[in-house]
Amino acid sequence: MKYSAEVEKMCPLAKGTYHGPAPIPEEGKWVQAKEIKDISGLTHGIGWCAPQQGGCKLTLNVKDGVIEEALVETIGCSGMTHSAAMASEILIGKTILEALNTDLVCDAINTAMRELFLQIVYGRTQTAFSEDGLPIGAGLEDLGKGLRSQVGTTYATSKKGPRYLELAEGYITKIAVDENDTIIGYKFVHLGKMMEMIKKGMDANEALEKASGQYGRVDDAQKLIDPREE
């Protein structure tokens, strides 16, 4: 290590008491994190790319500094789906420091990794005060039955008004409107549940019917419209 001439001429003085870093909450414990292996926790974060045409929700479950579980959800850009596939393979087994300095293919995913890193190393995880944190596999609980992301897609113009295309319950098949053409409900099909039934051998039409439902005052509707055609 090189020192400047000014430093070399200084007389040495003793350093005061060293108390270490401030402890941070991790999985129900207070930890003085000094090394990467001291970090644990499960948390979520959002990232976006430079042109802001796509976004990523990233969920990581870190145990002893290593990413043991990763859930990568992307929206808004076709290239991001392939990036997410690669990122899910890249992330697992890496330390959070390695992951922070790894190209995760898509800027939105890289940005999400940065945001999660900050949460994790500052003790702001979702499991900061949960004893022993959450088991590997907890990330899948965000997806629910059928393992599909919670997606909401709506569209509107000032001339023709709103169209509900997909909401948390599923793919919107019909919009219910009243006598004033105001939306009062909708019919939907949960695609994840439908595909699970079809995989188990159920006829597709029967699976479609069983996975369908409605929300709001559909029964009071003056008419039902197809949001993709009308």
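How many residues sit between β4 and β5 in their hairpin, and which residue in the turn has a positive phi? Two residues, and Asp64 is the one, with a phi of about 50°.

Okay, before I go on, a word on what we're looking at. This is a predicted model, so local features need pLDDT of at least 70 and side-chain atom pairs count only at pLDDT 80 or more, while totals for chains, interfaces and linings use all residues. Residues are numbered from 1 along each chain as its sequence is written, and side-chain values use heavy atoms, with hydrogens and water left out.

When I say helix or strand, I mean DSSP runs numbered from the N terminus: H or I with at least four residues for helices, E with at least two for strands. And two strands pair if DSSP finds at least two bridges between them.

So, let's stay with strand β4, residues 55-63. On one side, β4 pairs with strand β5, residues 66-75, in the antiparallel sense over nine bridges. Strand β3, residues 41-48, also runs antiparallel to β4, joined by eight bridges. If you want a spot to look at there, find Gly47, which stands opposite Cys56 in β4. β3 and β4 make a hairpin too, this time with six residues between them. In that turn, Gln52 has a positive phi of about 55°.

Is β4 mostly covered or open? Mostly covered: eight of its nine residues are buried. Buried here is under 20% relative accessible area, exposed is over 50%, and partly exposed is in between, using a 1.4 Å probe and protein chains only.

Now for charges. The structure holds nine salt bridges, a salt bridge being a side-chain nitrogen of Lys or Arg within 4 Å of a carboxyl oxygen of Asp or Glu. Take Lys63 and Glu27: their closest N and O atoms are 2.9 Å apart. Lys63 lies in β4 and Glu27 in the loop between β1 (24-26) and β2 (29-31), so this pair ties together parts 36 residues apart in sequence. Glu27 is buried, by the way, at 6% relative accessible area.

Back on β4, the bridge partner of Lys57 in β5 is Glu73. Their side chains also meet in a salt bridge, 3.7 Å from N to O. That pair links distant parts of the chain, 16 residues apart. Glu73 counts as buried at 12% relative accessibility, whereas Lys57 counts as partly exposed at 27%. And there's a third player: Lys57, Glu73 and Asp142 are linked in a network of salt bridges.

Over to helix α4, residues 107-121. At 1.5 Å a residue, its 15 residues should span 21 Å, and the end C-alpha atoms are 21 Å apart, which agrees. That expected span is 1.5 Å times one less than the number of residues. Among the buried residues of α4 are Ala108, Ala112, Leu116 and Ile120. The helix's buried residues pack against β1, β3, β4, β5, α2 (78-91) and α3 (96-100), where contact means heavy atoms within 4.5 Å. Also on α4, Arg114 forms a salt bridge with Glu115, with the closest N and O atoms 2.8 Å apart. Arg114 is partly exposed at 40% relative accessible area, and Glu115 is partly exposed at 24%. Just after the helix, Gly123 takes a positive phi of about 75°.

That's the tour, so over to you.
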